[in-house]
Amino acid sequence: MLAQPGLPFDPSGIVLDRRQGLSRQLYQQLRCRILDGRISSGTRLPASRDLASVLGISRNSVVRTYDQLYAEGFIHGRVGAGTFVTLPEKLPLPEKLSTKLPTGLGAGLSTSLSTKPIQSTDDMVSPVWVNSAFGRLQQYHLPVPKAGPPKAFRVGIPAFDLFPFHVWSKLHAAFWRNPDIGRLGYGEAEGDPRLRELIAAYLRSSRGLSCSAEQIVITCGAQQAIGLCAQLLLEPGEAVAVENPGYRAAGFAFANAGAQLLGVPVDNHGMACAELEQAEACRLAYVTPAHQYPTGVTMSLGRRLELLAWAERRQGWIIEDDYDGEYRYTGAPLAPLAALDRSGRVIYVGTFAKVAFPALRLGYLVLPQQLVEPFRRRRAVDVRSSEVGTQAVMAEFIAQGHFQRHIRRMRRAALKRRDALLQHWPAGVVGCSPMPPIDAGLHVTIAVDNPEREAELVRLADTVDVEINPLSDYWLAGTQQSAGLVLGFAAVDEQVIEQAAKRLARAWF
Ligand SMILES: Cc1ncc(COP(=O)(O)O)c(C=O)c1O
């Protein structure tokens, strides 16, 4: 039975294992109680000092827990009044949420992948369906990547100058010096078993995502993961909801599979999923909930639950692209949408591109159980299996602790580079909004008054050798509603950022 609002918080039953991270355990147990209704919306949580003393743990552990719950939208604070639980009451919680603790990506799923014909689209969408593979490529292809070493402010590039190549090359040499002959034939289409184990363990500890190695399929970057979803979860002509503005490479993968792109607006809570109700034939949604690409919005808890409920009602799928989740500057990475999924509707996509470097071409899917075999078979038909050395070396890199160390190094570096951008960015540029706060990710979007001014600023930046992406490029054709500048700040060091900002000031004033 769900708790009644206003019942006092009862900490009895919270059991913590002192050998493990206390704040993570407390966070998991509180989150679970909030989601299953044992702690109802509106309940006031004890002051951190009081809860710490009841549980016999340090106040810092409780503060860290509250910070994480706050960041994920489970609680809010009122100055002088205390800390309150804020789970949106009116939302239809995904079935079983009220009775069961999270156990992973779900079980007992419908295996139906059948499609329904499109019946209607509406004016929030921009239906586009060009009925030939070559025709679609004509319209939906990616620009040739920018060549050469990274420049300020190239988007999508992490601080890969900091990658420990000496460690990587030693691990590679060790693997190839005396390779296991048994591994040099055709490998598993789903990827190296050890790497899959290690990725599952990493996601369990860093994201609170309870998944097993059996659910993981290694891919050639996030793009191949998204491409597999496009091939397997869509029939030609079916609709797919994408954030608008959004990640073009994902939309293009769906469009090339013959899907209609339904551009759904993004507001301060993330994808406006109420609009999905009108698109009756849509059963697949692609989202970037931790850090919307490119606006930087974090999807609120209310929207997450709404989207999950939609997918459950439609027997549809949600593709969660967690491309830069490691980069959060105010606390631990946010728990993904997949960690809230009780009915196996979320396909989680991860990549090593933003922590290591894009050219590695290594990513993965975490799949609901019944999708694992179709994805494995499809991948076998497409590529047989991935190259053995990179997977084995990445597994060793993680097992020896280099990966976690490198993530910390990359986060520190991105933070310094972000600070350099905030410090040196020219203020008061005509037609340009002030720089927004940057709490996560490797890029920022700054609003500009109109597309004409946006184009002018981008062109002038180019004359002083500074790369800036126009926000216009991220809208589906014919749907643009705002303009802006999209800047990556992690690709180059603080000095280069400062110099680039000075050149911009000269070009723009
Ligand atoms: C939204 C989004 N998803 C995924 C990726 C990474 O894709 P991949 O792993 O294929 O390099 C990027 C890269 O910029 C991205 O912006």
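In what order do the three strands of the open sheet lie, and is their pairing parallel or antiparallel? In this predicted model, the order is S1-S3-S2 and the pairing is antiparallel. Strand S1 (44–45) and strand S2 (75–78) occupy the edges of the sheet. Each has a single partner strand, so one side of S1 and one side of S2 are left without a neighbour in the sheet. The contact between S1 and strand S3 (residues 82–85) consists of two bridges, with the two strands running antiparallel. Arg44 has Phe84 of S3 as its bridge partner.

A further set of pairings involves strand S14 (residues 483–488). Six of the six residues of S14 are buried, so this strand is largely enclosed by the rest of the structure. In a regular strand, side chains alternate between the two faces of the sheet. In S14, Ala483, Leu485 and Leu487 point one way, while Gly484, Val486 and Gly488 point the other way. The residues of both sets are buried. S14 pairs with strand S12 (residues 443–448) in the antiparallel sense, over six bridges. Within S14, Val486 is the bridge partner of Thr445. Strand S13 (residues 469–470) also pairs with S14 in the antiparallel sense, here over two bridges. Leu485 of S14 is the bridge partner of Pro470. Leu485 and Val486, the S14 residues named in these two bridges, point opposite ways from the strand.

The largest nonpolar core comprises 139 residues. Val240, Phe254, Ile347, Leu365 and Val366 are the members that touch the most other members. Helix H7 contributes the largest share of this core, with seven residues. For Ile347, contacts were listed without counting residues up to four places away in sequence. On that basis, Ile347 touches Cys229, Trp317, Ile319, Glu320, Leu365, Leu367 and Leu371. One of these contacts, Leu365, is itself among the core residues that touch the most other members.

The ligand is surrounded by 13 residues, of which Gly156, Gly221, Ala222, Gln223 and Thr351 come nearest. By class, this shell has six nonpolar residues, six polar residues and one charged residue. Helix H7 (residues 221–233) gives the most to the shell, with three residues. H7 thus appears in two settings: it gives the most to the shell around the ligand, and it supplies the largest share of the largest nonpolar core.

Note on methods: Residues numbered from 1 in each chain as written. Predicted model: local features only at pLDDT ≥ 70, side-chain atom pairs only at ≥ 80, totals over all residues. Near = placed C-beta within 6 Å. Helix = DSSP H or I, 4+ residues; strand = E, 2+ residues; numbered from the N terminus. Nonpolar A, V, L, I, M, F, W, Y, C, P; charged D, E, K, R; others polar. Pairing = 2+ DSSP bridges. Core = buried A, V, L, I, M, F, W, Y, C linked by C-beta atoms within 7 Å. Buried ≥ 20, exposed ≤ 12 C-beta atoms within 10 Å, placed from the backbone. Contact = placed C-beta atoms within 7 Å.
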